Amino acid sequence: MRQRLCVLGSTGSVGSNTLDVVSRHPERFEVVALTGQQRVDELLAQCLQWKPRFAAMVLPSAAKELRERLREAGCSTEVLDGPGALVQLAAHPDVDTVMAAIVGAAGLPPCMAAARAGKRLLLANKEALVVGGAQFMAAVVEGGATLLPIDSEHSAIFQCLPEDRSQWKQRIDHIVLTASGGPFRQRDPASLAGVTPEEACAHPNWVMGRKISVDSATMMNKALEVIEARWLFDLAPEQVKVVIHPQSIIHSMVVCRDQSVLAQLGTPDMRVPIAYGLAFPERIESGADALDFLSLGALTFEPPERARFPGLFLAWDALHGPHGSTAVLNAANEEAVAAFLDRRIGFDAIHRINAETLEALPPRLSLDAPVEDLLDLDRQARDCARQRVQALLR
């Protein structure tokens, strides 16, 4: 029987790579639902190719256009709209597997819905754990969902651990997340103020969306991954470490109690962790190139410098702060990156806005606070960050 798949964020990089892997295994997967935010042309092409039962767009105007163009093309896909449509499709009884590839805190509600509905949940939306944390993991347990990490680093850690999760604590001393260092690894920190969005989005190893590319350039992406790893693997913040590995061949490592080190290696291609998540516990063809050890050259490692990547260290500050601090940090960063991409603030202002928002808005939430309270905190943090953006424009 084929897995029935819902791809949340199908028009993005992870979503399109997911469909590429699925196309190689038509006997294993059926695409039931595809969703996007506003890129009508891309979602239209995907619907015409895959003919899913459902499609959804967050923006109602985009959904209306998609609905009309599908009707003209003679495609019977039913088009839903609004954020509630994503929640509906993530929990739909005709869906077995949900690929959560939405960027940002907007992915939390559909991820929670999939977890509560007991889906096989392929998590590429790190913000669900950065914002949701304890509540999200509780929903996974209560719903009986199967949670499979798709970020290359977290997939690497997962692949190095036994399938029996009860053995994880006794095995792990700490984990090491690798980071490429992005395009500014060797730049003088004093020169970063003049960085343009085009420079920040030019990642040396990975092809990613604009927001994630900027996060990689600031290493805020790694900060969010530190927070995600803390929850995914039930670790203390101090058990999550980061090292810069410019070649992006070792995707992350587990240091065991006996100081043995287990690592997962591969070419920098998101189709590898996607294929692993889709087929787990089996392995299937991903379409990625084979790793050629004879042409690799040296694999090097460097410590992350606080002067160049101050945002990375906010991860541990937020994890040690009041519950909800990680949600504040994520919201501030989303607003700051959006302002930078719109050329309203400089590259170096991203960290300033994140740090100031985290300091200005200490949350007062209990560990069992409902998701609505987390989303309200997210809104407050965005307002706070926007005010700081405006203050820089005056």
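## Strand pairing in a predicted model

Strand S2 is joined by four bridges to strand S3 (residues 54-57), and the two strands run parallel. These features belong to a predicted model. The points below describe the surroundings of S2 and then an open sheet of four strands.

**Strand S2 and its partners**

- Within the pairing of S2 and S3, Thr-35 has Ala-56 in S3 as its bridge partner.
- Between S2 and S3 the chain passes through helix H2 (residues 40-50), and this β-α-β crossover is right-handed.
- Strand S1 (residues 3-8) also pairs with S2, in the parallel sense and over six bridges.
- In this pairing, Arg-4 stands opposite Glu-30 in S2.
- The chain leads from S1 through helix H1 (residues 13-23) to S2, in a β-α-β crossover that is right-handed.
- Strand S2 (residues 29-36) is largely enclosed by the rest of the structure, because seven of its eight residues are buried.

**The open sheet of four strands**

- The strand order in this open sheet is S9-S8-S10-S11, and the pairing is mixed.
- Strand S9 (240-244) and strand S11 (261-265) are the edge strands, each pairing on one side only.
- From one strand to the next, the twist averages 20°.
- Strand S8 (residues 172-179) and strand S10 (residues 250-256) run antiparallel and are joined by five bridges.
- His-174 stands opposite Val-255 in S10.

**A helix across the sheet**

- Helix H8 (residues 152-159) lies across S8, S10 and S11.
- The direction of H8 is at about 40° to S10.

Technical notes
Residues are numbered from 1 along each chain as its sequence is written. This is a predicted model: local features need pLDDT of at least 70, side-chain atom pairs count only at pLDDT 80 or more; totals for chains, interfaces and linings use all residues. Side-chain values use heavy atoms; hydrogens and water are left out. Two strands pair if DSSP finds at least two bridges between them. Axes are lines fitted to C-alpha atoms, for helices over the stretch in contact, and angles run from 0 to 180 degrees between N-to-C directions. Contact means heavy atoms within 4.5 Å. Buried means under 20% relative accessible area, exposed over 50%, partly exposed in between (1.4 Å probe, protein chains only). A crossover is right-handed if, with the strands pointing away from the viewer, the path from the first strand over the helix to the second runs clockwise.
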